[in-house]
Amino acid sequence: MRSALALLLGGLVAGGGWGLQSRPLPRARPRRAWRAKLPCATISPSSSSSSSSSPTANPNPGPDDGLLRCSIWDVATMQQRFEELGVRPHHVRSIYKFMLGEHLAGLRGVALDGMDPEPDWTRVPELPKRAAEVLAAEFTASSSRVTDVRRPEAHMAAAGAELNPSPNPNINPKPQPKPKAGHRDEGAAPAPARPKLAREVANAKLGVELRSGLTVETVLIGHGEGAVTVCVSSQVGCAKGCKFCETGTMGLRADLGGAEILEQLWHAARLASQLSLDEIAPKPKIVDSAGAAVHKGAAPRETFEVTNVVFMGMGEPLDNVEAVVSAVGVMTEYWRLAPKRITVSTVGDRPDAIRRLAGSNVQLALSLHAPNEAVRQQIVPTAKFTTIPEILAAVEDFIRDSGAGKARDRVMVEYVVIKGVNDGVEHGRELGQLLSGHRVWVNLIPYNPTSAGARFGYEMPDAQQVMDMANAVREGTDAKGNPMKVRIRWSTQAGQPLEAACGQLAVKKMAQDAPPPASA
C-alpha cells in the first residue's frame, strides 16, 4: 500500500498534478541574463555628438573580473533587485549609512586614483547574506574613477605628488627662523606655521572619468570650519553656448545618469575626508567658566565634510532634469543633506523644468546675466527661445510650489559681470527695476577669463565699476519693498589658478574636438 501511494504521488508530481508545476521552487536567475536587464545608470551619448569625436570606451568594470557591475548609487536598480530577492527595503538605508560612515573612514589612507576598493558588504549591520552576495556580485562602489586632482599649488608637495594627500598633510610648511647670533636654542620648538583659510586647504578640482570614457569635472570649495561645498556636473559639455563659459566650447556630449552625478559627490567626499583641519584658522572659541570649550550645535569635525551641493558644474541641469531630481532625492534621503543646502542653477530657458524642480524643495539659482532681452541674447544664444517675463513667472511659481520658507523665499539671480558688455551703472539700474517686486536677490560674479570669452573680447571688469553697478541694482526693491539685496562674489576668483572658477570648467581635449561657437 505504501509503495503504491509513493508511486501515485510520484506520478502526480511528475505530471504536474495538484498544481505543483505552477509553483516551482524559485531558481536563481543566471547572472549574465540579469545583467542584460539591469537598468544601470550608464551614460547615453547625446544625439549632438559626432561619431568622429566619440572617445574610446572605457568600461571601468570595477573589480578586475571582467564583469560589468551597476553603481551602488543607482538606488532604483538596487531596490528593484532587493524586491526580487525578498529583501526588505529598509536595508538600503543601512547600506548607505555604512558607505558614508565606516567604509568612507576606512578609505582615508587610500589613493583616489583608479577604481575604488570594493566594500565588505558583510559588515553592513543586519544585512541578509543573500543581499550581501548580490551586492558583491552585481554592484560596484563606483562605476567612475578619478583621473586628475588639482589643488592650489601651495598645497602640492611636488609636480609628481600623489593624487590624494595623506590624512594629515604638512601643507605649505613655514621655514624655521634662523637663531640669532650667540643665542642657544637647543630644544626650542619650531615656529608654528601660519593657519590657512579653509579654501586654501580644501579647494580642489577633480577630473572624473565615466564608464563611457567621457570625463566631467567636479569642484570642491572649502569654507567654514571644515565645511565643503561640492559643485557637480549634470552633463558632459553643454548645449547652451554661453559666450563667457568654457564648458560651451565642448558642445553637448552626453547627459549623466543620477548615479553618475552622485558618484561625483562620493569622490569629493573621499577627498574631503582626507584633508586635515589642523592647518586652517579656527574661529574664536567660546569657553565656559572652567575654561572648557563650548560648541554650539554639532560637535567639531576632525576632517573636512561635504555640507552643500551646487549644480553649477558642466551642463545645464534642467536639460537633464529627471536625473537631477533623482540625484537630489538620494542626497536628501540617504546623504542626509537638507534641501536648503542643495542649489540647482539654470539659464532659465525651460520654464516647465523650473516648475518641475519645485517638488524637490531645493534652492534655485537663475543665470540671467543681463537686464534686458537684447543683452541677454548677446551673451546667451538660447535666450531667444524664452523671454525674461516668462522665466520670472516660472520662478514665482517655483517659490510658491516649493514652500516659501525662510530659506527659499528668495531665488538667487546670478549675473556674470563682463567689462564693457553688461557692467554699466545703467545696466545695474535697469536690472534693479526689472527684478523689483520679485522674491529674488542678486549675485554679481566678476567674469573669470576663459578662452571662450576671449574669442569675443571679454575682459574682467574693474572692481570699482562692479561696486558702482551693485549700488545701482540696490535702487530696485524686492517683494517686501526693501532695497534689492546684492552680493559681489569676489571669492570665485580663488578658483582661477585651478581653472575651477565660475565659467572655467571644460575638458580641453573634448573642447578642441568640438565645432567653433557661433560668432557674436
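# Working through a predicted fold

Strands β13 (residues 342-346) and β14 run parallel, joined by 4 bridges. The coordinates come from a predicted model, so treat everything below as computed from that prediction.

**Exercise 1. Work out how β14 is placed among its neighbours, and whether its faces are buried or exposed.**

*Step 1.* Start on the β13 side. Here Thr346 has Leu366 of β14 as its bridge partner.

*Step 2.* Follow the chain from one strand to the other. Helix α9 (residues 351-357) sits in the connection, and β13, α9 and β14 make up a right-handed β-α-β unit.

*Step 3.* Now look at β15 (residues 411-417). This strand is parallel to β14 too, with 3 bridges joining the pair. One anchor to click on is Ala365, whose bridge partner in β15 is Met412.

*Step 4.* Check the cover. Of the 5 residues in β14 (363-367), 5 are buried. Gln363, Ala365 and Ser367 lie on one side, Leu364 and Leu366 on the other, so both faces count as covered, with buried meaning under 20% relative accessible area.

**Exercise 2. Find the order of the strands in the 10-stranded open sheet, and say which strands stand at its edges.**

*Step 1.* Walk across the sheet: the order is β4-β5-β6-β7-β12-β13-β14-β15-β16-β17, and the pairing is mixed.

*Step 2.* Look for strands with a single partner. Those are β4 (145-150) and β17 (486-488), so each has one side without a neighbour in the sheet.

*Step 3.* Get a feel for the twist. Ignoring direction, neighbouring strands are turned by 25 degrees against each other on average.

*Step 4.* Zoom in on the β17 edge. β16 pairs with β17 in the parallel sense over 3 bridges, and Val442 stands opposite Val486 in β17.

**Exercise 3. Decide which residues of helix α12 are buried and why they count as lying on the same side.**

*Step 1.* List the buried residues of α12 (residues 425-435): His427, Gly428, Leu431, Gly432 and Leu435.

*Step 2.* Put them around the axis. They cover an arc of only 135 degrees, which is why they end up on the same side of α12. The background is plain helix geometry: with 3.6 residues a turn, residues three or four places apart point the same way.

*Step 3.* Turn the helix over. Glu426 and Gln433 are exposed on the other side.

*Step 4.* Ask what the buried residues pack against. The partners are α10 (373-379), α11 (388-402), β15, β16 (440-446) and α14 (463-473).

*Step 5.* Glance just past the end of α12, where Gly437 takes a positive phi of about 90 degrees.

**Exercise 4. Locate Trp121 and say which residues it touches.**

*Step 1.* Place it in the chain: Trp121 is in the loop between α4 (90-106) and α5 (129-138).

*Step 2.* Check its accessibility. At a relative accessible area of 4%, Trp121 is buried, because the cut-off is under 20%.

*Step 3.* Collect contacts, skipping residues up to four places away in sequence. Trp121 touches Ile72, Ile95, Phe98, Met99, Leu127, Ala132, Leu135 and Ala136.

*Step 4.* Take one of these for a distance check. Leu135 is 14 residues from Trp121 in sequence, and their C-alpha atoms are 7.2 Å apart.

**Exercise 5. Sum up the whole chain: how many helices and strands are there, and what share of residues is buried?**

*Step 1.* Count elements: 15 helices and 17 strands.

*Step 2.* Take the burial: 49% of the 520 residues are buried.

*Step 3.* Add the surface. About 25300 Å² is exposed, with 53% of it from carbon and sulfur atoms.

*Step 4.* Finish with contact range. Among contacts between residues at least 6 apart in sequence, 75% join residues at least 24 apart.

Notes:
Residues numbered from 1 in each chain as written. Predicted model: local features only at pLDDT ≥ 70, side-chain atom pairs only at ≥ 80, totals over all residues. Heavy atoms only, no water. Buried < 20%, exposed > 50% of the residue type's maximum accessible area, 1.4 Å probe, protein only. Helix = DSSP H or I, 4+ residues; strand = E, 2+ residues; numbered from the N terminus. Pairing = 2+ DSSP bridges. Right-handed = clockwise from strand over helix to strand, strands pointing away. Contact = heavy atoms within 4.5 Å. Areas by Shrake-Rupley, 256 points an atom, 1.4 Å probe, with all protein chains shown as cover. Arc of directions from axis to C-beta. Axes fitted to C-alpha atoms, helices over the stretch in contact; angles between N-to-C directions.
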